[in-house]
Amino acid sequence: MAQHYLLKNCLLVNEGKITPTDVLIKNGRIEKIASSISNADGATEINAEGKYLLPGAIDDQVHFREPGLTHKATIHTEAKAAVAGGVTSFMEMPNTIPNALNLELLEDKYTIAANTSLANYSFYMGTSNTSADDTLKANDYKNSICGIKIFMGASTGNMLVDNYNTLDKVFRESEMLIATHCESESIIKENYERLKALKGELSPADHPLVRDVNGCFESSLMAIQIARQYNTRLHILHISTAKELELFGNMMPLKEKRITSEVCVHHLHYTADDYATLGYRIKCNPAIKAKENKEALWKALLDDRIDVIATDHAPHTLEEKQGSYEHAHAGLPLVQHPLLLMLHYYKEGRISLERIVEKMSHAVADCFQVKERGYVREGYFADLVLIDLNKSSTVTKENLLYKCGWSPLEGFTFPATITHTFANGHLVYGNGRIDESQMGQRLLFDRN
């Protein structure tokens with residue numbers, strides 16, 4: 001029998017307001033929201049006085065590495081880290097081994113998640129230059145698959161899509177959201193060969209010169225041009241440059257947009273100056289770039305040209321992050337700390353609590369048309385996070401839950417602590433303890 005909870009005296013951050021309230025959780029859902037709720041049926045009471053209650057974050061871009069790369073991470077380990085960080089739902093990428101390029105391989109991942117994921121889950125259908133027909137079979141499952149992922153820049157395995165006919169077909173015939181990684185492969189190769197000839201040995205600071213602003217802009221521009229031709233529902237992932245922001249608008253509500261964008265926490269936090277201290281630990285694709293890009297990203301996030309915040313959580317072992325430029329793998333483990341990192345910027349006065357909730361929960365639910373999640377509403381699934389803004393927390397190796405065992409944020413102190421995380425009404429994380437007695441659920445989508 002599902003546990004019932006009564007959260008007393010919390011400060012609810014939801015739909016643009018902060019309201020003192022009580023919340024009753026029953027049968028996995030939010031039963032009641034009111035200024036005062038009596039405990040008539042013996043629910044477990046949690047005194048949340050002075051704490052803020054948020055809808056669980058929905059991360060629309062993670063790499064949990066299973067199947068095929070489980071020495072780096074598994075769905076179980078990374079979902080555990082996610083819920084400890086207040087991320088109650090995730091959407092995971094298809095560049096596992098084998099690549100998720102057909103419905104059978106995609107369903108294999110859903111089966112693993114059903115058995116091992118503490119967070120709610122969805123998985124993107126992948127595509128390659130030769131798999132457009134298989135990719136488009138996802139149209140029949142558009143209410144149970146988050147979207148189609150297209151790598152328009154170099155990626156793991158057979159997933160670079162640079163054949164225009166393939167792109168044209170998928171953009172033309174997809175009935176669901178297409179999410180793209182936009183970097184021009186030809187510009188990347190040209191930059192790499194030029195710098196290699198000039199310097200011989202490349203350093204971490206060369207990464208944003210190899211994967212430069214123009215490479216991102218040209219690829220994003222191409223994706224948008226094709227999407228406009230067919231009125232495709234396009235979502236461009238991890239925007240990292242000021243120049244790309246020229247391509248996005250804020251003149252209509254998110255629910256009416258056909259072209260949307262995402263920014264990742266590391267592009268809001270780090271700049272190219274940080275390669276000097278963190279080296280290849282912050283090597284990622286697209287690259288962390290010069291600081292003027294970070295400032296432009298913040299501005300665009302707050303004026304709604306950028307729609308959502310995500311992590312692009314992409315763990316590698318520390319050994320894989322070392323060595324030469326060519327050897328050091330690209331990607332950062334981040335899913336345990338995105339909410340805490342944004343709370344750091346809240347304390348610095350850069351973003352409000354209401355906007356954090358909008359960009360990490362509400363807008364993601366609206367962008368992907370997630371069913372009955374992303375908001376604190378009666379009848380919705382009880383995906384909830386309690387935070388204490390009066391208690392700081394520091395990232396240490398010992399409190400990391402990633403299988404890879406490291407974070408670029410080690411030693412960083414956040415001005416807040418996540419005290420409780422509920423997924424489908426289950427207290428999956430409470431005061432530092434994980435309860436693995438109930439798994440998360442498959443995300444469903446409300447698409448016509």
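1. Two strands are taken to pair if DSSP finds at least two bridges between them. By that criterion, strand E10 (residues 148-152) and strand E11 (residues 178-182) pair in the parallel sense over five bridges. The model is a predicted one, and the points below should be read with that in mind.

2. The register between E10 and E11 can be followed residue by residue. Ile148 has Ile178 as its bridge partner in E11, and Lys149 has Ala179 as its bridge partner in that strand.

3. E10 also pairs with strand E9 (residues 125-126), in the parallel sense and over two bridges. Here the bridge partner of Met125 is Ile148 in E10. Ile148 thus has a partner in E9, namely Met125, and one in E11, namely Ile178.

4. Beyond E11 comes strand E12 (residues 234-236): three bridges join E11 to E12, and the two run parallel. Opposite Ala179 stands His235 of E12. Ala179 is also the bridge partner of Lys149.

5. Is E10 enclosed or open? Five of its five residues are buried, so E10 is largely enclosed by the rest of the structure. Ile148, Ile150 and Met152 point one way from the strand, while Lys149 and Phe151 point the other way. A reader may wish to look at Lys149, which is among the buried residues of E10.

6. E11 gives a matching count: five of the five residues are buried, so E11 too is largely enclosed by the rest of the structure. Ile178, Thr180 and Cys182 point one way from E11, and Ala179 and His181 point the other way. Both sets are buried.

7. A separate element is an open sheet of three strands, ordered E6-E7-E8, with parallel pairing. Its edge strands are E6 (57-62) and E8 (120-123), each of which pairs on one side only. From one strand to the next the twist averages 20°.

8. Within that sheet, E6 and strand E7 (residues 87-92) pair in the parallel sense over four bridges. One of the partnerships is that of Val62 with Glu92 in E7. Helix H12 (residues 353-368) packs on the sheet and touches E6 and E7. The direction of H12 makes about 60° with that of E6.

9. The second largest pocket holds about 490 Å³ of space. Its lining has 29 residues, and those closest to the centre of the pocket are Asp366, Cys367, Gln369, Asp446 and Arg447. By class the lining comprises ten nonpolar, five polar and 14 charged residues.

10. Which helices each supply at least two residues of the lining of the second largest pocket? They are helix H4 (164-173) and H12. The largest share of this lining, three residues, comes from H12. H12 is also the helix that packs on the sheet at E6 and E7.

11. A last point concerns Thr271, placed in the loop between helix H8 (265-269) and helix H9 (275-278). Is this residue buried or exposed? Buried means under 20% relative accessible area, and Thr271 has 9% relative accessibility, so Thr271 counts as buried. Leaving aside residues up to four places away in sequence, Thr271 touches Ile282, Ile288, Lys289, Lys291 and Lys294.

Terms used
Residues numbered from 1 in each chain as written. Predicted model: local features only at pLDDT ≥ 70, side-chain atom pairs only at ≥ 80, totals over all residues. Heavy atoms only, no water. Axes fitted to C-alpha atoms, helices over the stretch in contact; angles between N-to-C directions. Contact = heavy atoms within 4.5 Å. 1 Å grid on protein atoms, 1.4 Å probe; cavity = no way out; pocket = protein on both sides within 12 Å on 5 of 7 lines; lining within 4 Å. Points joined across faces, edges and corners; volume = space filled by probe spheres on them. Nonpolar A, V, L, I, M, F, W, Y, C, P; charged D, E, K, R; others polar. Buried < 20%, exposed > 50% of the residue type's maximum accessible area, 1.4 Å probe, protein only.
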